[in-house]
Amino acid sequence: MSLVPSLFGGRRTNVFDPFSLDLWDPFDGLLSSAVANVPPSARETAALANLRIDWKETPEAHVFHADLPGLKKEEVKVEVEEGRILQISGERSKEQEEKNDKWHRIERSSGKFLRRFRLPENAKLDQVKASMENGVLTVTVPKEEEKKPEVKPIEISG
C-alpha cells in the first residue's frame, strides 16, 4: 500500500523503495493496440521498408551498403534479374519466446525483407560482387569504361 496516492491512473507506488516506482508512460499500450489492428501483410511490408540501403556511384562502380545487423550471409540473397534488376532479400527470424518470458519492448523488426534496384546501362552485370562484414552487406557492381568518341583529325589541303 502506498503512502502517497498516485496521480496517474490509480497506480500505487512505495515512495521508500526507488525500484518499485511505477513511472507513467503516455505511450503505454499504444503500440500493442496499434499493432493488433494492423494486418500481418502490412507488418511484413514495414519490415520490407525497414531495410536501409545506401547507393553511391564511384568512377569505377556502383556500390550498395545495407545494414543487416545480426544476420549471417547465409540468410541474405543477392541476385541480378533480367532487365538489370539488383535484388537484395532475406529473412530475419523472430526470437523464440519462452512461456515464462515477459517482453517489455519489441522494437527490432523480424520477417522477410526485399529491395530492388534498376541498374544503369553501364553496369557490368556479370562481375557483381557481394561481401558481408560486421552486419553490413556491400554489393559492388563494376561499371563499363566510358567510351570516348574517337576523334579523327582531318588534314586540310591547300
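This is a short dialogue on how to read the predicted model shown above.

Me: Before we look at any feature, what should I know about this model and its numbering?
Reply: Good place to start: the model is predicted, so local features need pLDDT of at least 70 and side-chain atom pairs count only at pLDDT 80 or more, while totals for chains, interfaces and linings use all residues. Residues are numbered from 1 along each chain as its sequence is written, and side-chain values use heavy atoms, with hydrogens and water left out.

Me: Which helices and strands does the chain have?
Reply: Helices (H or I, at least four residues) and strands (E, at least two) are DSSP runs, numbered from the N terminus. Here the chain has two helices and seven strands. Reading from the N terminus, the order is α-α-β-β-β-β-β-β-β.

Me: How do I read a sheet, and what is the strand order in the open one?
Reply: Strands of a sheet pair through backbone hydrogen bonds, either parallel or antiparallel. Two strands are called paired if DSSP finds at least two bridges between them. In this chain, an open sheet of four strands has the order β1-β2-β7-β6, and the pairing is antiparallel. Strands β1 and β6 (129-133) stand at the edges with a single partner strand each, so one side of each has no neighbour in the sheet. On average, neighbouring strands of this sheet are turned by 15° against each other, direction ignored; the axes behind that angle are lines fitted to C-alpha atoms, for helices over the stretch in contact, and angles run from 0 to 180 degrees between N-to-C directions.

Me: Which strands pair with β2, and over how many bridges?
Reply: β1 (residues 53-57) pairs with β2 in the antiparallel sense over five bridges, and a hairpin of three residues joins β1 to β2. To find this pairing in the structure, start from Ile 53, whose bridge partner in β2 is Ala 66. β2 also pairs with β7 (residues 136-142), again in the antiparallel sense, over seven bridges. Two places to look are Ala 61, with Pro 142 as its bridge partner in β7, and Val 63, with Thr 140 as its partner there.

Me: Is β2 largely enclosed or largely open?
Reply: Burial is judged by relative accessible area: buried means under 20%, exposed over 50%, and partly exposed in between (1.4 Å probe, protein chains only). In β2 (residues 61-67), five of the seven residues are buried, so this strand is largely enclosed by the rest of the structure. Across the chain, buried residues make up 19% of the 158 residues.

Me: How much of the contacts in the chain join residues at least 24 apart?
Reply: A contact means heavy atoms within 4.5 Å. Among contacts between residues at least 6 apart in sequence, 49% join residues at least 24 apart.

Me: Which residues other than glycine have a positive phi?
Reply: Most residues other than glycine have a negative phi, and most peptide bonds are trans. Two cases to look at are Arg 84, with a positive phi of about 60°, and Asn 134, with a positive phi of about 55°. Arg 84 sits in the loop between β3 (76-81) and β4 (85-92) and is partly exposed at 23% relative accessibility. Asn 134 is in the loop between β6 and β7 and is exposed, with a relative accessible area of 75%.

Me: How many salt bridges does the structure hold?
Reply: Side chains of opposite charge can pair when their charged atoms come close. The cut-off used is a side-chain nitrogen of Lys or Arg within 4 Å of a carboxyl oxygen of Asp or Glu. The structure holds four salt bridges, including the one between Glu 57 and Lys 143 (2.7 Å, N to O). Glu 57 lies in β1 and Lys 143 in the segment after β7, so this pair ties together parts 86 residues apart in sequence. Glu 57 is exposed at 52% relative accessibility, whereas Lys 143 is buried at 14%.

Me: Where do Arg 116 and Glu 81 lie?
Reply: Arg 116 forms a salt bridge with Glu 81, the closest N and O atoms being 2.6 Å apart. This pair links distant parts of the chain: Arg 116 is in strand β5 (residues 111-118) and Glu 81 in strand β3, 35 residues apart. Both are partly exposed, Arg 116 with a relative accessible area of 46% and Glu 81 with 28%.
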